[in-house]
Amino acid sequence: MYHHLIKPFFDYLFALLLLLISLPFFVIITTILFVNNGGRPFFVQARGGKRQSVFNIIKFRTMNNKKDVNGQLLPDSERLSKLGSFVRKMSFDELPQLFNILKGDMSLVGPRPLTAEYLGTYNDFQKQRHNVKPGITGWAQINGRNNLNWTKKFELDVWYVDNANFFLDLKILFLTGVKIFKFSDVNMDGQATAVFFNGKN
């Protein structure tokens with residue numbers, strides 16, 4: 001009942017309200033990033049969704065596409081601008097995912113959607129994270145976010161899938177706000193982005 005009726009209703013309602021409330025701010029960020037990123041304010045990437053389906057996630061672009069003399073992209077830490085770093089710290093880069101919620105690809109709360117290339121590397125336990133829609137925030141995000149190793153992230157994701165309910169989601173949303181306010185666990189120590197998952201780590 002909760003996952004099939006109540007949660008989708010509240011997801012759509014609150015995503016629409018949040019989008020309307022944040023619209024002026026959304027336009028300002030889009031305009032600034034449009035100028036700073038050569039006309040490309042958004043980042044679109046294939047991610048794994050419910051039942052291991054694939055969808056395109058939408059985020060604000062926080063890294064440029066600068067390359068070295070050999071035409072290879074520079075390391076993430078060198079492509080993350082000061083503006084991009086600020087947008088990430090405030091979690092503003094996640095705002096466009098409200099459109100993913102309205103489309104039905106995502107939820108406000110659930111395991112974070114990982115890149116589609118990981119889908120073939122999960123074991124049976126890890127695959128359970130795809131039994132529900134992925135979320136903008138989740139149980140792993142309020143318990144360490146990017147400072148967690150992959151094993152712990154998957155344990156927390158599967159725990160959420162097994163225990164999800166309305167009050168747990170409210171708790172996660174509240175604590176997410178606290179995390180954002182404190183700028184906590186935005187990136188793993190010494191990393192500009194999360195460590196690549198190879199099926200073992």
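A nonpolar core, as used here, is a set of buried Ala, Val, Leu, Ile, Met, Phe, Trp, Tyr and Cys residues joined through side-chain atoms within 4.5 Å. Keep that in mind as you click through this model, which is a predicted one.

**Stop 1: the main core**

Select Leu98, Ile101, Trp139, Tyr160 and Ile172. These are the residues with the most contacts inside the largest nonpolar core, which has 26 residues. To see where the core draws its members from, colour H1, H2, strand E2 (54–60), H5, strand E3 (107–109), H7 and helix H8 (166–182): each of these elements gives two or more residues to it.

Now centre on Ile172. Setting aside residues up to four places away in sequence, Ile172 touches Val109, Thr137, Gly138, Trp139, Ile142 and Tyr160. Apart from this core lies another one, of 7 residues, with Tyr118, Leu119, Tyr122 and Trp150 among them.

**Stop 2: a lysine over a ring**

Stay with Trp150 and add Lys153 to the selection. Lys153 lies over the face of Trp150, at 4.5 Å from the ring centre.

**Stop 3: where H1 meets H2**

Show helix H1 (residues 2–21) and helix H2 (residues 23–36) as cartoons. Their axes come within 4 Å and cross at roughly 65°. For the side chains involved, pick Leu19, Leu20 and Ile21 in H1, which meet Leu23, Pro24 and Phe26 in H2. Sorted by class, this contact has 6 nonpolar residues, no polar ones and no charged ones.

**Stop 4: the rings**

Switch on the aromatic side chains. The count comes to 18 aromatic pairs. Zoom in on Phe10 and Phe14, a stacked pair with 5.9 Å centre to centre and 15° between the planes. Both lie in helix H1, 4 residues apart, about one turn of the helix. Phe10 is partly exposed, with a relative accessible area of 29%, and Phe14 is partly exposed too, at 37%.

For an edge-to-face example, go to Phe86 and Phe92. Why does this pair count as edge-to-face? The ring centres are 6.2 Å apart and the planes stand at 70°, and planes over 60 degrees apart get that label. Phe86 is partly exposed, with a relative accessible area of 45%, whereas Phe92 is buried, at 17%.

Before leaving the rings, select Phe9, Phe10, Phe14, Phe166 and Phe167 together; ring pairs link them into a cluster.

**Stop 5: Pro96**

Jump to the loop between helix H4 (82–89) and helix H5 (97–103), where you will find Pro96. Is Pro96 buried or exposed? With a relative accessibility of 1%, Pro96 counts as buried. Show its surroundings: not counting residues up to four places away in sequence, Pro96 touches Phe26, Phe42, Ile58, Lys59 and Phe60. Take the distance to Ile58 in your viewer: the C-alpha atoms of Pro96 and Ile58 are separated by 5.6 Å, though the two residues are 38 residues apart along the chain. Phe26 may look familiar, being one of the H2 residues that meet H1.

**Stop 6: Gln141**

Finish in another loop, between strand E4 (135–137) and helix H7 (150–163), and select Gln141 there. Gln141 has 15% relative accessibility, so it counts as buried, the cut-off being under 20%. Which residues is Gln141 in contact with, leaving aside neighbours within four places in sequence? Add Gly110, Arg112 and Lys179 to your selection and you have them.

Notes: Residues numbered from 1 in each chain as written. Predicted model: local features only at pLDDT ≥ 70, side-chain atom pairs only at ≥ 80, totals over all residues. Heavy atoms only, no water. Axes fitted to C-alpha atoms, helices over the stretch in contact; angles between N-to-C directions. Contact = heavy atoms within 4.5 Å. Nonpolar A, V, L, I, M, F, W, Y, C, P; charged D, E, K, R; others polar. Phe/Tyr/Trp six-rings, centres within 6.5 Å; stacked < 30°, edge-to-face > 60°. Buried < 20%, exposed > 50% of the residue type's maximum accessible area, 1.4 Å probe, protein only. Lys NZ or Arg CZ within 6 Å of the ring centre and 35° of its normal.
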